[in-house]
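This report describes a protein model in terms of its surface, its symmetry and its strand pairing. Please consult the sequence and the coordinates alongside the text.

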There are 2 protein chains.
Amino acid sequence: MSTQPEPDTPLIPAGGSLLIAWQLKNKNVLIVGGGEVASTRVESLLVTDAHLIVLSPTDGLCERTTELIKQYPARVTHHDRLFGGDSELQNVDMVLTAIDDVVQSQEIVDLCRERRIPVNAADIPDCCDFYFGAQIRDGPLQIMISTNGNGPKVASLIKSKLQKSLSGNEGKAIEKIGRLREMLKERAPGVGGPVGRRRMKWMSQVCTQWDLASFAQLDEASMKKMLDLGWPTNHVPSRTEVFGIRSSTLLPARASEALHDRTAARDISTSTKFILPLAVGFTVGVFSTFVISALRRR
Amino acid sequence: MSTQPEPDTPLIPAGGSLLIAWQLKNKNVLIVGGGEVASTRVESLLVTDAHLIVLSPTDGLCERTTELIKQYPARVTHHDRLFGGDSELQNVDMVLTAIDDVVQSQEIVDLCRERRIPVNAADIPDCCDFYFGAQIRDGPLQIMISTNGNGPKVASLIKSKLQKSLSGNEGKAIEKIGRLREMLKERAPGVGGPVGRRRMKWMSQVCTQWDLASFAQLDEASMKKMLDLGWPTNHVPSRTEVFGIRSSTLLPARASEALHDRTAARDISTSTKFILPLAVGFTVGVFSTFVISALRRR
C-alpha cells in the first residue's frame, strides 16, 4: 500500500466530502443539548425513522426543542439531565452534540470514536465525522447543498437559486413513479432474472419519455391504464393514450415545468404588446396625415 | 424511553434519509469488486481525500476501473485478489461492495456491521447503511439529489432541471467567499469572542448584500480593497466602491446570474419589438390615410 502521496493527474479534484443519504430507520440517535442548534438537529432527524434521545436539563431547552419533544412523543425522548458519560452511548447509533462547552463536546466525541459511533459536534469541524448542509425537501425528494465548510449563508444563496427552478410538483411526481413501480411489481413479480430486467428497462423507458409534470398527474386509474396499455406490448404509452384526448389537449406537454409556464405566459403578453404599439402607430399615422393635409389645404 | 410508537401529529413526515457530507480525509475505504459499479464508486470517492483500496482479481477489472487505478496511484491501491475475510477490514473506515455475488456481499456486510464499519452493498438496499445519490459538483459546491430509493433515472431528471438553474460560476464564487474569509481572519485573528462574532456578522452581511456573480469576479486585489473599505468602518462596500465605476457600469448588478441575463436580453429585444410594430403601424396609418384621401379627391 502506498503511504507517500504522489502527485496525481489533477483530473478529479480532491478536498470534497462524500455526500450520502444515511439510513436511520429504527436507529437511536443521541442529541446532547437542547438549545437552538439542538432544535435544528431534531428537525433534521425527524424526517428519518430514527428514535431521538435529547439529553439536556429542562431549563436548557429552547422553546422550539420543547415544542418538538411535546409534538413527537413517539419519536423523541427527553432525559432531563447532563451527559453522564460512557453509559449514555449504549445502543446509540449516532451522536450529535449541540452544547457550548467545547471541552465536553470533545470528550463525547472521543468516547464516540472509541466505539466507532458516527458523531457530529456543532461548531467544531475537526470533531465531525460528517457535516450537515442546506436542504430542500419535497416528499421523497431530498436535495442537499454542501459548500465544503464555506458557511450556511452561501448554501442558502444556492438553495434559493435551486428552489426557483423547481415547480413544487417533483415530490408528487416521484411518489407516483414509486407507486407505478409497485403496481408493476405486483403484476410481474420476482426478484432479478429476465422479468426483473424487463421491468427495470420498461420503467427506465417510461422515465425517459414522460416528464415529471405528467407523472404528477397520474392517479391509480391512469396508472392501471398505463400498465394495461404498455406492459404486455412492451411500449411506453403516450400521454394521449393514458389521459385521453381531452385531457392531453388541456394540458401542455410539460405542464407544470414552472419556467416553461412562465415563458408561455410571457409569449402571450409579448403578442399583446405587439398589437398595442401597432395600433398606436396606426392611429398616430392616420391622425398626423390628417392634420398635415388639413394644414396644407388652408 | 417509549418503545411503543404512538401516532404523532404528522407535521414532519418520516421515511426519509439523513443527507450528510461524510468526511473521509486520510480514511481508508475498501471497494470490493472492479466492474462498472466499482468504477463509479472509485470516481465518487476520488473527490474526497480518502485512500481507496480496490479488491478484485485483475481479470475482473473493467476498463474504467483499470484506468482510474493507473491514473491515481497515490489515491487508489489495487490488490489482485478476492475478498479474503476478516483481515481485509483492518484499519478500514468504510466498505463498498460492488460484486454480483449477493451471498458474499451479505457476508461482508455482516462482518462490517460487527465492527461498526459503515457499509454500502450495491443493489442490496437492506445491506446499506447509506445510499448514494445523483450529484452535481462545481469546485467546493456539491449538490446531492436523493429520491428515497426511486431510482437513478428520476434523480437524473431532477438533476438536469437543477443544472439548468446554475450559471456554472457558483463554485468560483464560493471559492472567493472562502478566500475573503481567510483574508479577514488574517486581518482580525482569534477564535470566538467579540472579534469572532463581529467577523461572522460582517461576512454574513456581505453574503446577504452581494450576489454570487459579483463574488465570482473578485480577485486578490479587489478582496483587499473590500476589506480595507468595509472592515474598519463595519459596512459592506458596494460593487462600485470595490470594482470602480467603469467596471460596475460594464457589469449589470447581477451579471452572471444566467436567468437574469436572459431576462435582460429579453427586455432589450422586447423594446426593439415595441419600436418595430409602432413604426409599421405608423407607416400603414400614413399610407392608408393618403390612399383614402386620394380616392376621395378623384
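## Nonpolar surface patch

With three residues, H10(A) gives the most to the nonpolar patch. The model is a predicted one, and this patch covers about 400 Å² of its surface. Its members are Leu276(A), Val280(A), Val284(A), Leu278(B) and Phe282(B). Two elements each give two or more residues to the patch: helix H10 of chain A, spanning 258-297, and helix H10 of chain B, also spanning 258-297.

Leu276(A) is one of the patch residues, and its place is in helix H10 of chain A. The relative accessible area of Leu276(A) is 55%. Because exposed residues are those over 50%, Leu276(A) counts as exposed.

## Relation between the two chains

Chain B can be superposed on chain A by a rotation of 179°, with a shift of 0.1 Å along the rotation axis and an RMSD of 1.1 Å. The two copies are therefore related as by a two-fold rotation axis. Both copies use the same surface, since 99% of the contact residues of chain B recur in chain A.

## A sheet formed by both chains

Strands from the two chains combine in an open sheet of four strands. The order is E7(A)-E1(B)-E1(A)-E7(B), and the pairing is antiparallel. At the edges of this sheet are strand E7 (130-131) of chain A and strand E7 (130-131) of chain B, each of which pairs on one side only.

Strand E1 of chain A and strand E1 of chain B, each comprising residues 18-22, run antiparallel and are joined by five bridges. Within this pairing, Leu19(A) has Ala21(B) in E1(B) as its bridge partner.

## Overall features of chain A

Chain A contains ten helices and nine strands. Of its 298 residues, 44% are buried; here, buried denotes a relative accessible area under 20%. The accessible surface of chain A amounts to about 15,300 Å², and carbon and sulfur atoms account for 57% of this area.

The contacts within chain A can also be described by separation in sequence. When contacts between residues at least 6 apart in sequence are considered, 57% of them join residues at least 24 apart.

## Summary

In this predicted model, helix H10 of chain A and helix H10 of chain B each supply two or more residues to the nonpolar patch. The E1 strands of the two chains are joined by five bridges, and the copies are related as by a two-fold rotation axis.

Key:
Residues are numbered from 1 along each chain as its sequence is written. Chains are lettered from A and ligands numbered from 1 in the order in which they are written. This is a predicted model: local features need pLDDT of at least 70, side-chain atom pairs count only at pLDDT 80 or more; totals for chains, interfaces and linings use all residues. Side-chain values use heavy atoms; hydrogens and water are left out. Patches are made of residues with over 30% relative accessible area and no salt bridge: like charges are joined within 9 Å, nonpolar side chains (Val, Leu, Ile, Met, Phe, Trp, Tyr) within 5 Å. Accessible areas come from the Shrake-Rupley method with a 1.4 Å probe; for residues, only the protein chains shown count as cover. A salt bridge is a side-chain nitrogen of Lys or Arg within 4 Å of a carboxyl oxygen of Asp or Glu. Buried means under 20% relative accessible area, exposed over 50%, partly exposed in between (1.4 Å probe, protein chains only). Copies are superposed by least squares on the C-alpha atoms of residues with pLDDT of at least 70 in both. Contact means heavy atoms within 4.5 Å. Two strands pair if DSSP finds at least two bridges between them.
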